[in-house]
Amino acid sequence: MATDMATLATGAQSPREIPHTVSPSLWTLAWRRLKQDRVAMVSMAIVGAFLLLILLSATGLIASDWSREVGVNYAPPTFMGPDAASEAPAAQSAVAQGETLASTYHSAIVDPLADVLAQIRGEAKPATPPGKGAEATPDASVDPLADVMADIRAGKGVTAEVTEARATTLPFGGDKWGRDVLKKVIKGSETSIFVGIASAILATFLGTLFGALAGYYGKWVDDFFNWFYSVFSSIPYLLLILAVAAVLKQKGMITIVLILGLTGWSGVFRLIRGEYLKHKAREYVQAADAIGASNLRRMFVHIFPNVSHVVLVQLSILAVAFIKSEVILSFLGFGVPVDVVSWGSMLNEAQNELILGKWWQLVAATVAMATLVTAFSLFTDALRDALDPKLKGQAGH
Amino acid sequence: MKATDTSTNTSDALVSVRDLRIKFRLDKTQSFEAVKGISFDVPRNSTVALVGESGSGKSVTSLAILGLLPPENSVVDRKSQILYGGRNLVGMSMRKLQKLRGADISMIFQEPMTSLNPVFTCGYQLEEVLKLHIGLSGAKARKRALELMDEVGIPDALHKINAYPSQMSGGQQQRVMIAMAIACEPKLLIADEPTTALDVTIQKQILDLISELQRRHQMSVLFITHDLAVVGEIADRVVVMRHGEIREQGTAKEVFENPQDAYTRALLQCRPHLENRPLRLPVIDDFISGRGPQHLQERPRGVVPGDSTILEVKNLGKSFYSREGLFGTREFKAVQNVSFKLPRGKTLGLVGESGSGKTTVGLTLMRLHEATTGQALFDGKDILAMSPREFAPYKRRIQIIFQNPYASLNPRFTVGQILTEPLTIHKIGASAQARADQVFELLDRVGLPEVSFYKYPHEFSGGQRQRIAIARCLTLKPDILICDESVSALDVSVQAQVLNLLQDLQDEFGLSYIFISHDLAVVKYISDQVMVMSEGEVVEVQNSDDLYRNPREAYTQRLLAAIPKGWHGAAAPA
């Protein structure tokens with residue numbers, strides 16, 4: 001099987017020296033059509049830019065220090081200027097916090113609930129200094145996240161120099177802890193796009209495999225997969241996600257990829273099964289049967305290249321859908337762990353910030369996501385048109 | 001080339017086409033001229049046939065008359081004129097054209113199955129036309145629809161008016177289409193290959209119907225076809241087109257009896273005739289080069305008692321089952337009780353109308369379908385009872401060439417890959433180089449240049465693709481070749497070339513053919529013995545000359561009577 005494919009692939013390595021121009025394959029022709037589509041090229045450039053960005057961020061060339069607290073809390077975007085009203089107290093509290101943290105935790109990570117706690121304490125017992133509250137035993141029972149925080153800090157290691165001067169404004173603002181939103185978005189893109197694409201690949205792989213088997217073999221194989229599919233699609237989607245999440249138990253990117261991948265294959269399955277049903281009756285497949293090609297060979301060497309454009313389009317549709325799903329998952333609390341940032345977790349944070357009028361994190365994540373998703377969708381449309389020119393209804397005689 | 005303008009005066013022409021030029025834009029820079037300045041007339045109350053092979057521009061011309069060309073990529077030259085009743089249809093507003101369509105000019109398409117809307121009854125669709133164009137409503141429209149269905153010869157119209165298209169046969173659907181087309185008493189009826197998708201007996205009925213309606217309603221018919229023989233009986237004038245140009249036009253008598261143009265002569269003679277069987281069929285090049293047809297001596301055919309048998313089929317049967325109700329299944333016998341012997345090195349023709357089970361026989365013998373009953377003894381061994389493993393060595397000895405050369409080649413493979421694959425699978429040839437050499441030899445044998453090795457199927461024409469398919473079968477050096485409508489989808493001129501190739505290969509390698517076709521003339525030409533099938537059963541088997549001279553069964557007689565005879569003068573041996 002494998003050797004067959006290899007020889008087939010290398011069969012074109014000029015076995016005889018004949019001057020010949022390289023004939024355009026169907027893929028080449030599709031690429032030529034795609035190149036003429038201006039919208040497609042622009043959206044492809046945008047998607048490409050995003051991919052480059054996440055590549056740079058994944059290799060640590062940019063945005064690796066996204067978690068450093070470089071600005072004051074909720075530092076506004078530079079183009080808005082420093083937040084005049086809160087500038088003084090913000091700076092003060094930063095200094096105060098800095099001292100406290102330096103003396104107690106040697107950590108850059110700040111208790112996210114510190115402000116709230118301080119407020120509560122302030123109401124109850126205005127005299128208590130915040131540093132003492134965090135350290136003193138009587139209040140430890142009050143802070144429900146103390147253990148977790150300790151864990152996180154231990155896990156992170158103690159690194160950051162704390163006495164660094166904090167900027168009053170950041171290029172696109174800062175979040176609650178003064179982290180640069182721009183860097184956060186870049187890092188978040190890495191997570192979201194990776195999750196989207198990886199789970200789309202998993203879902204498409206499963207859907208294609210099941211669809212190919214069901215469509216090609218028919219009979220009881222088809223029945224089996226159809227039952228499986230029916231059972232799967234009869235469970236409400238969110239419930240299914242929660243169920244898989246509950247089974248997998250741990251949080252993490254791989255978990256999200258598995259959740260989305262294991263639940264998202266059904267659409268691809270249906271389409272690919274239909275394609276295989278159609279193609280297995282085609283004459284070129286019967287011709288392959290007649291020359292003695294095995295079942296597997298017919299399925300994957302003969303039919304698959306002819307349905308691969310459907311697979312490709314499905315892959316990109318799913319990638320878009322899963323990028324959006326990741327947001328929903330994070331929103332529901334099944335998303336990425338707290339030490340990882342994604343667009344979803346950013347939006348999740350943003351819902352509280354918006355009440356305070358701090359809109360930049362929301363806007364940054366939304367703009368990044370909307371740009372990519374729109375560009376990706378337009379590209380997918382153009383891809384489908386290019387791969388299947390009949391769809392456009394060009395009548396040519 | 002010399003399109004002698006025979007239009008006497010414009011007043012008695014219903015439609016005059018003058019210097020029609022149509023271009024298609026392929027992309028931003030390139031365009032393709034589909035029609036290159038043609039002029040012809042359609043006189044009142046007569047039938048004009050527009051004949052040409054694929055790519056001749058005949059369909060494009062008819063669409064231009066109706067103003068139905070796709071506006072995105074087609075350009076009709078401004079100076080072109082299509083005069084109808086003194087008005088130029090080129091550049092006429094969409095609104096006016098729409099009024100004209102349906103009321104004055106209407107059209108019948110090739111595929112009745114796709115031209116009717118499957119979710120409405122035939123009666124409804126017919127009434128809709130009457131409502132839209134004549135303004136008839138309710139009971140009046142219904143009455144008129146019934147009359148029309150009666151007129152086009154649909155039996156039991158009262159019942160059939162409530163039938164959905166899927167409940168009618170192809171011939172009946174085409175009749176409904178014709179009823180819709182003549183509903184508004186058009187002055188011009190354009191029929192675009194109206195019989196190509198139909199069986200030969202149905203074709204004859206439809207042709208008779210069209211010519212009868214033409215006479216009765218005194219309308220003009222523009223009949224578009226690739227087959228000269230079809231129009232011989234009904235056309236008054238014939239226009240022959242090739243590559244967007246008119247090669248010849250004149251009255252049917254002139255064109256058939258004394259064709260001036262080499263291409264017309266070629267069209268008339270490339271097609272196999274029932275009366276004679278030359279050693280090789282003439283091809284277009286013979287005429288264009290002025291060489292004239294070669295090898296016209298008669299080829300003897302027929303099976304003699306001494307012939308050895310390579311394949312003997314006994315009581316072959318194939319049933320398809322469909323579910324019915326909860327647990328029940330219904331059996332549909334596609335093929336039953338088929339028995340025949342295939343002599344070595346000879347050709348068995350398999351004729352029948354659609355649904356006769358002839359293709360099923362071919363696929364079952366290839367084991368592409370599982371046979372329900374029966375035996376097929378190949379060199380004395382029953383290949384239908386073998387396990388797949390036992391069958392493997394026999395598999396390469398029976399090969400099949402399919403009907404549609406556009407569908408039978410994998411579009412993602414180069415020709416080299418397509419032809420090398422069988423060799424690789426069956427481990428023929430010592431090395432990749434040896435296999436490639438073998439492929440190059442075969443390409444040469446089927447008349448394709450060596451460069452084809454590196455090309456993809458979409459770069460070839462229909463005839464060339466069929467050669468590739470033949471070459472693929474030959475890679476395995478089969479003993480039996482099943483040709484399933486292998487030349488039916490090809491143009492007349494290409495058909496002759498492929499038939500010649502098949503004949504040469506049989507002469508050279510001693511192949512035995514099972515030649516399946518609905519085209520009786522082609523079967524007569526290529527076969528030694530002919531088996532007629534109907535509704536899954538064998539009607540009769542005879543040596544081909546005997547069968548065509550004196551058919552025994554009534555069904556065969558009917559089938560033979562329905563073959564278009566063409567013009568009687570032209571049908572005589574050359």
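**Exercise 1. Work out how chain A is built and how much of its contact network is long-range.**

Solution. Start with the contacts in chain A that have a separation of 6 or more: 75% of them join residues 24 or more positions apart. Keep in mind that you are looking at a predicted model. Next, list the elements: chain A has 17 helices and zero strands. Finally, check burial: 35% of the 397 residues of chain A count as buried.

**Exercise 2. Describe how helix 3 and helix 9 of chain A meet.**

Solution. Begin with a general idea: two packed helices are described by the angle between their axes and the distance between the axes.

Step 1: the axes of helix 3 (residues 38-58) and helix 9 of chain A come within 9 Å, and they cross at roughly 105°.

Step 2: angles from 65 to 115 degrees count as roughly perpendicular, so helix 3 of chain A is roughly perpendicular to helix 9 of chain A.

Step 3: find the residues that touch. Helix 3 of chain A brings Phe50(A), Leu53(A), Ile54(A), Ser57(A) and Ala58(A). From helix 9 of chain A come Ile186(A), Lys187(A), Ser189(A), Glu190(A), Ile193(A) and Phe194(A).

Step 4: sort the residues of this contact by class, and you get seven nonpolar, two polar and two charged.

**Exercise 3. Find the buried residues of helix 12 of chain A and what covers them.**

Solution. Look along residues 253-263 of chain A, which form helix 12. Its buried residues are Thr255(A), Ile256(A), Val257(A), Ile259(A), Leu260(A), Gly261(A) and Thr263(A). Now look around them: the cover includes helix 9 (181-217), helix 11 (237-248) and helix 15 (295-332) of chain A.

**Exercise 4. Describe chain B as a whole.**

Solution. First, count the elements: chain B has 21 helices and 21 strands. Then turn to its overall form. The radius of gyration of chain B is 26 Å, close to the 25 Å that the globule rule gives for 574 residues, so chain B is as compact as a globular protein of that length. Its C-alpha trace spans about 70 × 60 × 50 Å along the principal axes. As for burial, 47% of the residues of chain B count as buried.

**Exercise 5. Is His518(B) buried or exposed, and which residues surround it?**

Solution. Locate His518(B) in the loop between strand 19 (512-517) and helix 19 (520-526) of chain B. Next, count: 20 other C-beta atoms lie within 10 Å. A residue is buried if that count is 20 or more, so His518(B) is buried. Leaving aside neighbours within four places in sequence, His518(B) is in contact with Asp199(B), Val200(B), Val351(B), Glu353(B), Ser354(B) and Ser488(B). Take Ser354(B): it is 164 residues away along the chain, yet the two C-alpha atoms are separated by 7.7 Å.

**Exercise 6. Explore the largest nonpolar core.**

Solution. This core holds 219 residues, and Leu126(B), Ala179(B) and Val239(B) touch the most other members. Helix 17 (residues 360-387) of chain A gives the most to the core, with 13 residues. Now zoom in on Val239(B): beyond its neighbours within four places in sequence, its contacts include Phe40(B), Val48(B), Leu50(B) and Ile246(B).

**Exercise 7. Map where chain B touches chain A.**

Solution. Count both sides: 43 residues of chain B are in contact with 30 residues of chain A. Several elements of chain B each supply at least two residues, among them helix 1 (58-66) and strand 17 (398-401). The largest share, seven residues, comes from helix 15 of chain B. By class, this side of chain B has 21 nonpolar, 13 polar and nine charged residues.

Technical notes
Residues are numbered from 1 along each chain as its sequence is written. Chains are lettered from A and ligands numbered from 1 in the order in which they are written. This is a predicted model: local features need pLDDT of at least 70, side-chain atom pairs count only at pLDDT 80 or more; totals for chains, interfaces and linings use all residues. Two residues are in contact if their C-beta atoms, placed from the backbone, lie within 7 Å. Helices (H or I, at least four residues) and strands (E, at least two) are DSSP runs, numbered from the N terminus. Ala, Val, Leu, Ile, Met, Phe, Trp, Tyr, Cys and Pro count as nonpolar, Asp, Glu, Lys and Arg as charged, and the others, Gly among them, as polar. A nonpolar core is a set of buried Ala, Val, Leu, Ile, Met, Phe, Trp, Tyr and Cys residues joined through C-beta atoms within 7 Å. A residue is buried if 20 or more other C-beta atoms lie within 10 Å of its own, exposed if 12 or fewer, and partly exposed in between; C-beta atoms are placed from the backbone. The radius of gyration is taken over C-alpha atoms; the globule rule is 2.2 Å times the number of residues to the power 0.38. Axes are lines fitted to C-alpha atoms, for helices over the stretch in contact, and angles run from 0 to 180 degrees between N-to-C directions. Angles under 35 degrees count as roughly parallel, over 145 as roughly antiparallel, 65 to 115 as roughly perpendicular and the rest as oblique.
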